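I opened my notebook to write down, step by step, what I looked up in this structure. Each entry sets out what I checked and what I read off.

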Amino acid sequence: PNALTSIEIVQDPTQSGFTSDEAENKYYNYNLLLEGSFGSLGDPSVNLVYGTSENISTRFSWWSFGDYKIETIGIQPKYVLSTTHGQLENRLVTGVDLYYETLTVDMYGEAARLNRTRTTEIEKDTVGWYIHDEISIGGNIILSGGVRFESSETHGKLNDLITPANNFDKEKEHDGEVFDLSATWLPKDSMKLYTRFSRVYRYPFVDEQANYSGWGADDLNTDLEAEEGKSIEAGLEINPSQNFTYGLTLFNIDMEDEISLNPVTWVNDNMDDSRHRGLEMYLDYGLEDVFDLRVNYTYQESTFEAGLNIGNDIPLVPNNLFAASLDLTLPHNIHLIPSLKYVDDSYLSGDTNNNTEKLNDYTVVDLLLRYKKSFRNTQLTVFFKIANIFDEEYSTWGIDNAEWGFPNQFYPAPGRKFYGGISGTF
């Protein structure tokens, strides 16, 4: 439906600026896990993954008619070895992640898709190896550490049938090395204290590295680098009773090259250095076969630590997040689960100066009804869910256009939604 201004949202948040635009999305994901055991020699497993995402987009507003398809194939062999030596218990995990991803984009000159104008093809190969070890000393001290090495190569090419001068054939490589170290102390059965330090990274997704449907010519963005950072956290968890748990975690993450869409060029850029710090609190209280209450709260400050906007808040990151759910056990294996989510306000995308209106805060309430039935070796689950039951009007994304002399743009979220599903385990 495209974006709306704040005035248009007040008038009617369900209106569309371009009623002739339409799109269709299809997602398929398959997973096959093979597990084995060699007793004291360890437990091997192989996880096979296949996923595809298809999008057919007809946008008269941009005179853009495209078919997009992303395919992912993954192979993940893993080996786990658990050993005991007196007061020492050790668990070693190692494995390899192999991924092959493709993105194919076919653009056409008209909605009927009679004349193809260009084809963009992107391929990405990723290989990652990791090893992690955890040692338990006397049952109340746990030390763990691990490393991961990963590399990826993205190759992209364009066949422009209208303007061959736009054609490209490029490659981009990424290499990542990360580690984590943690320590946990259990002074008594009802308390846990822990701390962890780690180095983190994230490669650009295929559709972040490639520019194929936004403003400007198609291209493989070889200037876009992977995100990197250092994270430290510390926390505690307390269990006053068997059915009551609460905890607190303090965290600080210093990031380099976070990826964000540039609203001027419509190409993904690496942001200046940034910092995310705050706290997370959670609570879980329940009575077996009666109810289970879960509450989570996060306070976070996300700011630029370098560049022209040093000290300013990072756009689209709210300071406060709150979530709560209540699982009520009813007769005949029926569960009624109301839940609530609150998201604080945040600055619009592109508003690195923090000088325009914000995305408003919002509260959404959902209601889930679930039925479980077990017979022999099979468990059947059926659910029905109403999301945003009170039809809250809100936007999760908006663009700062004020500094260019245009109204800010907002993308209203859907209103009340209905879901249903069934699953079986055997």
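The entries below go from the whole chain to single residues.

**Entry 1: the whole chain**

I began by noting that this is a predicted model, and I kept that in mind while reading every value that follows. I then looked up the secondary structure, and I found 2 helices and 25 strands in the protein chain. For the dimensions, I noted that the C-alpha atoms fill a box of roughly 70 × 55 × 45 Å along the principal axes. The chain has 426 residues, and 33% of them count as buried. I also looked at how far apart in sequence the contacting residues are: among contacts with a separation of 6 or more, 58% are between residues 24 or more positions apart.

**Entry 2: surface and charge**

I wrote down an accessible surface of about 24700 Å² for the protein chain, with 55% of that area belonging to carbon and sulfur atoms. Turning to charge, I found 31 positive and 67 negative side chains, and I noted that the centres of these two sets lie 6 Å apart.

**Entry 3: Asn-55**

I looked up Asn-55 next and found it in strand 2, which covers residues 43–59. Is Asn-55 buried or exposed? Its relative accessible area is 19%, and because buried means under 20%, Asn-55 counts as buried. I then checked its side chain, which makes a polar contact with the side chain of Asn-25 at 2.6 Å. Leaving aside neighbours within four places in sequence, I listed its contacts as Ala-23, Glu-24, Asn-25, Gly-66, Asp-67 and Tyr-68, so Asn-25 appears both in this list and as the polar partner.**Entry 4: aromatic pairs**

I counted 13 aromatic pairs in the model. For Phe-60 and Phe-65, I noted ring centres 5.3 Å apart and planes at 75°, which makes the pair edge-to-face. The two partners sit in unlike surroundings, for Phe-60 is partly exposed at 35% relative accessibility, whereas Phe-65 is buried at 0%.

I then turned to Tyr-362 and Tyr-394, a stacked pair with 4.1 Å from centre to centre and 20° between the planes. Where do Tyr-362 and Tyr-394 lie? Tyr-362 belongs to strand 21 (residues 362–375), and Tyr-394 to the loop between strand 22 (378–387) and strand 23 (395–399), so the pair ties together parts that are 32 residues apart in sequence. I found Tyr-362 to be buried, with a relative accessible area of 10%, and Tyr-394 to be buried as well, with 16%. I also noted one aromatic cluster formed by Phe-244, Tyr-246, Tyr-285 and Phe-291.

**Entry 5: positive phi values**

Before looking at the backbone, I reminded myself that most residues other than glycine have a negative phi. Trp-63 has a positive phi, near 50°, and is not a glycine. I located Trp-63 in the loop between strand 2 and strand 3 (64–85), and with a relative accessible area of 55% it is exposed.

Asp-257 is another residue that is not a glycine and has a positive phi, here about 65°. I found Asp-257 in the loop between strand 12 (244–256) and strand 13 (259–262), and at 27% relative accessibility Asp-257 counts as partly exposed.

**Entry 6: Ala-324 and Leu-98**

I looked up Ala-324 and found it in strand 17, residues 320–330. Its C-alpha atom is 9.1 Å from that of Tyr-342, and the two residues are 18 apart in sequence. Not counting residues up to four places away in sequence, Ala-324 touches Arg-294, Val-295, Pro-338, Ser-339 and Leu-340.

For Leu-98, I noted a place in strand 4, residues 88–108. How does Leu-98 count at 34% relative accessibility, as buried or partly exposed? Leu-98 counts as partly exposed, because that class lies between the limits of 20% and 50%. I then looked up the separation of Leu-98 from Gly-74, and I found their C-alpha atoms 5.5 Å apart although the residues are 24 apart along the chain. Gly-74 is also one of the contacts of Leu-98, and with neighbours within four places in sequence left aside, the others are Ile-73, Ile-75, Thr-126 and Val-127.

Technical notes. Residues are numbered from 1 along each chain as its sequence is written. This is a predicted model: local features need pLDDT of at least 70, side-chain atom pairs count only at pLDDT 80 or more; totals for chains, interfaces and linings use all residues. Side-chain values use heavy atoms; hydrogens and water are left out. Helices (H or I, at least four residues) and strands (E, at least two) are DSSP runs, numbered from the N terminus. Buried means under 20% relative accessible area, exposed over 50%, partly exposed in between (1.4 Å probe, protein chains only). A polar contact is a pair of N or O atoms within 3.5 Å; within protein, one must be able to donate a hydrogen and the other to accept it, and residues adjacent in sequence count only if both atoms are side-chain atoms. Contact means heavy atoms within 4.5 Å. Accessible areas come from the Shrake-Rupley method with a 1.4 Å probe; for residues, only the protein chains shown count as cover. Lys and Arg count as positive and Asp and Glu as negative; His and the chain ends are not counted. The place of a charge is taken as NZ of Lys, CZ of Arg, CG of Asp or CD of Glu. Rings of Phe, Tyr and Trp (its six-membered ring) pair if their centres lie within 6.5 Å; planes under 30 degrees apart count as stacked, over 60 as edge-to-face and the rest as tilted.
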